[in-house]
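Me: Could you walk me through a structure that is new to me? I would like to know the reasoning behind each label, too.

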Amino acid sequence: MEKLRTITVQNAITVITFHKKPILDEFCRTVDSVVQAGQPPARLWDLSCGLELTPSELISLASYARCRFHQSSRAAIVAPDDLTFGLFRLLDVYRDDGAVQQVIFRSKPEAVAWLSKL
């Protein structure tokens with residue numbers, strides 16, 4: 001059975017790597033895992049595998065994440081393909097709450113460099 005995702009900590013950055021496109025419930029369970037583990041406030045969400053959520057699912061995900069992540073933090077999203085990049089741009093609009101600074105990148109090295117500037 002192929003793993004959906006891995007969560008590691010590298011240089012004080014929590015790296016969440018999805019190995020296949022997550023559905024909404026899987027993404028929410030991953031958010032829960034990160035919160036419960038008390039991971040560092042710098043998070044890199046690697047969605048190089050892509051993402052396909054409907055607009056209503058994006059709104060649900062943004063609302064869920066806003067309720068779960070309360071502390072000030074930074075989130076870098078790696079979305080190299082156009083669809084995933086665009087979906088996360090929409091999510092960014094719905095997610096904005098002032099507590100989490102989120103930026104979408106096309107490559108992992110760019111995302112790591114931004115998160116390392118804490």
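Me: Where is the place of T30?
Reply: In this predicted model, T30 sits in helix 1.

Me: What makes T30 count as buried or exposed?
Reply: The relative accessibility of T30 is 1%. Buried means under 20% relative accessible area, so T30 counts as buried.

Me: Which residues is T30 in contact with, leaving aside its neighbours within four places in sequence?
Reply: They are R5, I7, I16, F18 and W45. Take I7: in sequence T30 and I7 are 23 residues apart, while their C-alpha atoms are 8.8 Å apart in space.

Me: Which strands does helix 1 lie across?
Reply: Helix 1, residues 24–37, lies across strand 1, strand 2 and strand 3 (42–46), and runs at about 30° to strand 1.

Me: What about V35, and why is V35 counted as buried, partly exposed or exposed?
Reply: V35 also belongs to a helix, namely helix 1. Its relative accessibility is 27%. Buried would need a value under 20% and exposed one over 50%, so V35 counts as partly exposed. Leaving aside neighbours within four places in sequence, V35 is in contact with R68 and F69.

Me: Why is helix 1 called roughly parallel to helix 2?
Reply: Two packed helices are described by the angle between their axes and the distance between the axes. Helix 1 and helix 2 (residues 55–68) pack at an angle of about 10°, and their axes are 10 Å apart. Angles under 35 degrees count as roughly parallel, so that is the right label for helix 1 and helix 2.

Me: Which residues make that contact?
Reply: From helix 1 come L24, F27, C28, V31, D32, V35 and Q36, and from helix 2 come E57, S60, L61, Y64 and R68. Sorted by class, the contact has seven nonpolar, two polar and three charged residues. As for V35 and L61, they are 26 residues apart in sequence and 15 Å apart in space, C-alpha to C-alpha.

Me: Now the sheet, please. In what order do the strands come?
Reply: Five strands form an open sheet in the order 1-2-3-4-5, with mixed pairing. What makes strand 1 and strand 5 (100–105) the edge strands is that each pairs on one side only. From one strand to the next, the twist averages 15°.

Me: How do you know that strand 1 and strand 2 pair?
Reply: Two strands pair if there are at least two bridges between them. Strand 1 and strand 2 have six bridges, in the antiparallel sense, so they meet that cut-off. One example is T6, whose bridge partner in strand 2 is T17.

Me: And what joins strand 2 to strand 3?
Reply: Four bridges do, and these two strands run parallel. Here V15 has L44 as its bridge partner in strand 3. Strand 2, helix 1 and strand 3 together make a right-handed β-α-β unit.

Me: Why is strand 2 described as largely enclosed by the rest of the structure?
Reply: Six of the six residues of strand 2 are buried, so the description fits. I13, V15 and T17 point one way, T14, I16 and F18 point the other way, and all are buried.

Me: How do you know that T14 is buried?
Reply: T14, a residue of strand 2, has a relative accessible area of 0%. That is under the 20% cut-off, so T14 is buried. Not counting residues up to four places away in sequence, T14 touches I7, T8, V9, Q39, P40, A42, R43 and L44.

Me: What is notable about the phi of N11?
Reply: N11 has a positive phi of about 55° although N11 is not a glycine. This residue lies in the loop between strand 1 (5–10) and strand 2 (13–18), in a hairpin that has two residues between the strands. A12 is found in that loop too, and has a positive phi of about 65° without being a glycine.

Me: Finally, why does N11 count as buried or exposed?
Reply: N11 has 76% relative accessibility. Exposed means over 50%, so N11 counts as exposed.

Methods:
Residues are numbered from 1 along each chain as its sequence is written. This is a predicted model: local features need pLDDT of at least 70, side-chain atom pairs count only at pLDDT 80 or more; totals for chains, interfaces and linings use all residues. Side-chain values use heavy atoms; hydrogens and water are left out. Buried means under 20% relative accessible area, exposed over 50%, partly exposed in between (1.4 Å probe, protein chains only). Axes are lines fitted to C-alpha atoms, for helices over the stretch in contact, and angles run from 0 to 180 degrees between N-to-C directions. Contact means heavy atoms within 4.5 Å. Angles under 35 degrees count as roughly parallel, over 145 as roughly antiparallel, 65 to 115 as roughly perpendicular and the rest as oblique. Ala, Val, Leu, Ile, Met, Phe, Trp, Tyr, Cys and Pro count as nonpolar, Asp, Glu, Lys and Arg as charged, and the others, Gly among them, as polar. A crossover is right-handed if, with the strands pointing away from the viewer, the path from the first strand over the helix to the second runs clockwise.
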